[in-house]
Each structure stands twice: as C-alpha cells, then as structure tokens.
Amino acid sequence: MENLKLTDKLSRFIVSWILLMIVWIAFTTSFAAQELLVGVGITAIIAFFTIPFFTCCTLTILSPTRVFYMIYYLFVFTWELIKSNIDVARRVLTPSLPINPGIVKFKTKLTTDYSRMVLANSITLTPGTLSIDIIDDTFYVHWIDVKTTNPEEAQKEIAETFEKILLKIF
Amino acid sequence: MTYIFYIALLFMMVGVALAAIRFVKGPTAGDRSVALDTLTTIMVAALVMLAYIFDRYIYLDVALVYGVLGFIGVIVLARYLEGAL
Amino acid sequence: MSLLFEIIGGALILIGSIFLLLGGLGILRMPDVYNRLQAGTKATTLGGMSLILGVGFLKVEDDWTWMVKALIIVIFIAFSNPISSHALARAMYKRKRYPLIKNDDGNMDAYKEVSENIKKEDKK
Amino acid sequence: MTYLILIFFLLLLMLGAAIYAIVQKDLLYAVIATGVISLVLTALFYLLQAPDVALTEAAIGVALTTIIFIITIRNTVRHEDDYNKKDDLKSAVE
Amino acid sequence: MKKFIVIITLATLGFYLGQTFYELGFGDARFEHGVKDIYLEKTVSELHVANTITSIIVSFRGFDTLGEVTVLFLAATALGGILYKRRHHVGDRSVLFSASRIVRSGSKLLFPAVILLGVYVFVHGHLSPGGGFQGGTIVATGFLLMLLAYENFKVSHHVLSYIESFAGIFFVLFGLAGFYNGGTFLENFMPVGTMNNLFSGGVIPIIYILVGFKVAAELTGLIYTVLHEKD
C-alpha cells in the first residue's frame, strides 16, 4: 500500500504483533505454555499478512509518555461517556423532548487516519454529537442541541478536550 | 442479589420490546437498522449476563462472537443503503 | 472484600440495564433517524459496557478470566458501535433523508452543500 | 419460571419478526427482520443450553445471510410489487 | 403408457421401502443400549476431549463431516453461480465506491482481530463451543468487512482454491491414515494428551483446523464472486 522503509515496516509489524498477542491472551485467558506458543505463531502469521492494512503506528507509540496519555485519554473518555449518557437520559425522559438538532462543521488539527477515526468515535460517544463524515480535515457533526454554527466555537465545544490529548499520542 | 438479575432482565426485556416497536413502526430502512443495532447490543449484554447465571465460562464465547461481529451486519445494510453494492 | 465487589457489580449491572432500557426508549421517542442513532448508540454502548463489566466484577475473585473476557468484549463494543452508527448516518444522508431542523437560522445543515460533490468523488 | 418467561418472550419476538418478514412487501425490511430472527434464535439456543448451535447461528446469521440476501435483492427487485413492472428478475436468472 | 410404467415402478419401490422401514421399526426404542453410551464413555476415556459433540462430529462420525463439507462446497458453488451477474460494468472492483474514511480505518483496525477470533474459534474447537465451521465463517466475515470497505480489495482466487483443495486432500489423507492405523475412517492415531489442554484430543484439532481453512476459503470465494464484477 505505502512505500515504506524496511525498518519502518519491521517496527509496524512488531507493534501489530504485540497488540494481536495481547488480544490472543485475552481470548484464551490462559498463560499455559502451549497456548502462548500457538498464539505467538498465529499472531505472527496474521500480523505478517495484514501488514498492508494494519499500519497503525510504529514502535514509538509505546513510549512511556504516550502510554500515559493513552490512559489519561481513557479516563477523560469514560467521564465524557457517562456525562453523555446522563444527557441522553435527561432528554429522553423529558416529556417535551428538548432538542434543537442540526449539522455543524469544524476543522481538526489531527493528521493521521487512525487519530481521526478515534476522534470521530469519541465524538459519537460524547454528549449530543454524532460524526457524519470527514472530508479532508473537516468534520461534519450532527449535534442534538446546536449552540453555535461557527466552526471555531464548535471545535472548542465538541472536540478540543480530546484533540489536545490525541495530538500528544499520535 | 438474585433480585438484581430479575430487575435487570425485566429492564432489558422492556428495552427489547421498545426497540421492536420502533422496528415495526420505523418509517425508513434506516430506522429499522437502528433498531437492529440496538437489539444487537442489548442481546450481547443479555448473553453475558445469562452466562453468569448459568455459571458457564465457555458460554462467553458466543457473546464474544456477537460482540465482535455484530456491527458488520449493520455495515452491510448501511453500504446497501448508500448505494455501494 | 467480596461484599465490596458484589456491591460494585450489582450496581453496575443495574445501571447498565437502566441505560439499555433508556436506549430502547430513546430510539422509540426521538423524531428522526439521526437523533435515534444518537440516543441508541450512546445509551446502549454505555449500558452494555457497564453491565458486562458488572458481571466481570461479580466474578473477579473466583475467576479472573471472566474479567479479562468481559474487558475484551467491552473494548470491541466501544470500538465497533460508533463505526456502525456513523456508517448508517452517512448512508441515510446520502439517501437524502435530511435531518429534522427545528429553528432554521441559515447554516444549520452544514453538510448539505458538500454532500452533492461527495457522491461524484466517490464514484470516481 | 424466569426461564419460561424469557423463552416465551423470545419466542414471541421471533414469531413476530418472522411474520413481519413474510407479510412485508419491501424485501429489504424482510432482510432486516431476518437479522432480528437470527439474533433472537441465538439467544434462544443459548437459553436452551446449546452453545455450539448458538455459536453457529451467531457466526452465520450476523452478516453472511444478510449479505447473500442483499445481493439477491440487488440482482432482482427490492419491492415485491415491482415484480411485474420490471423485467429485472428475468435477466437475473438468465 | 409411460405414466403407467412410472406409477408401477414408483409403487413397487414405495412398497419395498415401506416394508424395509416397517421391519426397521421406525421410532422404536431399539437403541437403548446403543451408540449414545459408547460415545459418552469413549469421549472421556479414549479421546480426552471436553466437548462431546466435537468428538462425535469429527472422530466417530468423521465420514459424515466429510460429506457435509462437500455439500457446503456444492452449495457455495451453486449459490455463486446463481447470484453472479454482470451488472454494473464498472470494472474490476467489489463495491461501487469505498466507504467513508472512518469505516475504512475502523475495518483496517478490526480486520486482524476478527481473523484472530476466527482462528481462535477453530483452534479451540475441542475445548469450547466452537469448531471448524464456525471459525471459518468468522474468518470469511472478516474478509467480507474488508471487501465492503475497500473498492479495490483483492483476494486471489488461485490461493483460495489451492487452500481449499489442500485442506480437503489433507482431510481425506488423515481419514485414510486412520484406516491404516486403526481400522476405521478417521480413527484416532495420535497421542491424546491430557484433557483441557490445547494439545489434546488426538486428531480432532488438526481436522478442525483443516475444516476451518476449507470453510473460510469457500465462503470468502463465494462472497468475493458474488460481490465482484468484471467487464
């Protein structure tokens, strides 16, 4: 798919190998030697053949600061998810349905595909917003309660908390 | 403790019933797909809870398969509605 | 210690089932497909996640493997649910089911202007 | 008792979805109803303590039947009433 | 005259068939000391397999499974033949246009995990409620995800047919090896190991891996054929 250097490819292969191995251990939930042995073989084969697709990141993703920000992101995300659900519950249970829907757009500073996907998924799961499309660097977001149609303000309102952290991870 | 399971099962049954009503009512194919999506997630949760009630670890595999693959059915429908197929 | 885990697990299960119910109610009450997607996706994702984690917590002392499997199911649900709802929302827009807009003051539907060009670009 | 109620509920749901799939004139809706049927059937097999059958049903019903039915719809017609208007069905069989 | 002969022939056939069934005692409880107990006992004592159904399907009734896999192959071929259609004339692609960027990245991220789940299911066929057929189906679903998301996702038909043929050939060879060693088709001839280990159950995991590859290749080929359009 992309023309990469050999070292780059190798580092991506190792990242996907490690991630798949973690998934394998979670599937089997066992540290028996047989399972681990078979798992290493299978995940290596799958990682080798899916190298053209699963080129998420190089080994630098596993540096301590990034891992710290990932965990931090997880907490921020969980908090936003809970907030969004309380918001949904409030809207659904109010008899008059207090909604003011519309679609707004804003620009993002993120560059890679994966970070944009993570941001879009986070937006979908946070209060009152549903990402509809990404064109180049513009997000189009359905907002259940439109407060502003100005792109900058919308960016501040919807995406800024996530974006700041994601910029440090990817 | 068992009462919690009864209550949770009751809530989930009501949720399934409400989604089923939307499934029957829903004016467009999109609404019905939304109902299918919702039903899938509710059912995955129900399968995990039933695995606990039966106290069988291997039953979780079924829930795992549905949890991992559940979204592909909706993507198939979405791609058809998009006009890509 | 066991009592603590039981309380946490029971509470998570209860909260989860309430949110699953609210997800069903949400897709029934909301007026158009985008709002339904919003309510349905958010409520059922958190509801399912919290219920599955609750089951994991109930078992965490006897058998840690339940927790691991619950976590992997939760991670997959959290990744895949928004993707499918996004795909559905985009498909519905492409079928010209425009979102309901209550008070129209100009630029409430920012996607409309570009959606025509997208179709051409995609076909290329 | 609880199992009985659950099984009855799921059976009712499945029956409703099946009847809906048959009665419906729009075949796409019928396909979505088929998805609901396979979902409920998985839960039923699960309740009846047959996890391997449930796993088979889950693996097949979740996407493969849907895609095959949808390809069939794509190659023929979506609405049952268009059956005579278009000659699409004929050309699909040829 | 012709019809008369047909009716006579059918009636004769029906009579003998009915007589045979009558003599067999259809629905009688003739098998009270039948195969059930032997299966249950042998599964634990000889094969050391946790999943009885698996041992019946693969080891005791392995020949039937070979028939089932053949039937599946025929069904997939027939379905592909019916549904294949030159419709859009848009060139060498599986769908008309690629999905949005989010779906594409998401399927890239989830595709290896789905494949790994399928492999997990068919490798652990003798320990969990999975098996070759289920695992193969899950792998095929993973390929379906990529085929839907990318317009130019290629699957090599040659590789698929080679995988399928080799899986089938090795299935039969393992069965015949059972003949050579023990006396019946798919008789177990490998060390059985201890129960609930991954390396146990003798020949069963190997057969399930082969069945998984075969089913995955068949269904992927089917989906690819019916989605794919040529000029």
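User: What pattern does chain D follow when read along the sequence?

Analyst: This is a predicted model, in which local features need pLDDT of at least 70 and side-chain atom pairs count only at pLDDT 80 or more, while totals for chains, interfaces and linings use all residues. Residues are numbered from 1 along each chain as its sequence is written, chains are lettered from A and ligands numbered from 1 in the order in which they are written, and side-chain values use heavy atoms, with hydrogens and water left out. Helices (H or I, at least four residues) and strands (E, at least two) are DSSP runs, numbered from the N terminus. Chain D holds five helices and zero strands, and its pattern reads α-α-α-α-α.

User: What percentage of the residues in chain D are buried?

Analyst: A residue is buried under 20% relative accessible area, exposed over 50% and partly exposed in between (1.4 Å probe, protein chains only). Chain D has 94 residues, and the buried share of them is 56%.

User: How many residues of chain E are in contact with chain D?

Analyst: Contact means heavy atoms within 4.5 Å. Chain D brings 16 residues to this meeting, and the number from chain E is 22.

User: Which element gives the largest share of the side of chain E that touches chain D?

Analyst: Buried area is the accessible area (1.4 Å probe) that two parts lose on being put together, summed over both; for chains E and D it is about 1,700 Å², 70% of it on carbon and sulfur atoms. The elements that give two or more residues to this side of chain E are α4 (62-83), α6 (132-149) and α8 (204-227). The largest share, seven residues, comes from α6(E).

User: How many nonpolar residues are on the side of chain E that touches chain D?

Analyst: Ala, Val, Leu, Ile, Met, Phe, Trp, Tyr, Cys and Pro count as nonpolar, Asp, Glu, Lys and Arg as charged, and the others, Gly among them, as polar. On this side of chain E there are four polar and three charged residues, and the nonpolar count is 15.

User: How many salt bridges are there between chain E and chain D?

Analyst: A salt bridge is a side-chain nitrogen of Lys or Arg within 4 Å of a carboxyl oxygen of Asp or Glu. The structure holds 13 of them over all chains. Between chain E and chain D the count is zero.

User: How far apart are the closest N and O atoms in the salt bridge of Glu80(A) and Lys83(A)?

Analyst: Glu80(A) and Lys83(A) are three residues apart in helix α3 of chain A, which means they are separated by about one helical turn. Glu80(A) is buried at 13% relative accessible area, whereas Lys83(A) is partly exposed at 36%. Their closest N and O atoms lie at a distance of 3.4 Å.

User: Which residue forms a salt bridge with Asp87(A)?

Analyst: Asp87(A) is buried, with a relative accessibility of 14%. Its partner also lies in helix α3 of chain A, three residues apart, about one turn of the helix, and is partly exposed at 46%. The N to O distance is 3.4 Å, and the partner is Arg90(A).

User: Which residue of chain C meets Asp61(B) in a salt bridge?

Analyst: Side chains of opposite charge can pair when their charged atoms come close. Here the N to O distance from Asp61(B) to Lys69(C) is 2.7 Å. The pair crosses between chains, from helix α3 (residues 60-82) of chain B to helix α3 (residues 64-94) of chain C. Both residues are buried, and the one from chain C is Lys69(C).

User: Is strand β2 of chain A largely enclosed or open, and how many of its seven residues are buried?

Analyst: Strand β2 (residues 129-135) of chain A is largely enclosed by the rest of the structure. That follows because the number of its seven residues that are buried is six.

User: Which residue takes a positive phi in the hairpin of β2(A) and β3(A)?

Analyst: Two strands pair if DSSP finds at least two bridges between them. β2(A) and strand β3 (residues 138-143) pair in the antiparallel sense over six bridges, with Asp133(A) opposite Tyr140(A) in β3(A). The hairpin has two residues between the strands, and the residue with a positive phi near 50° is Asp136(A).
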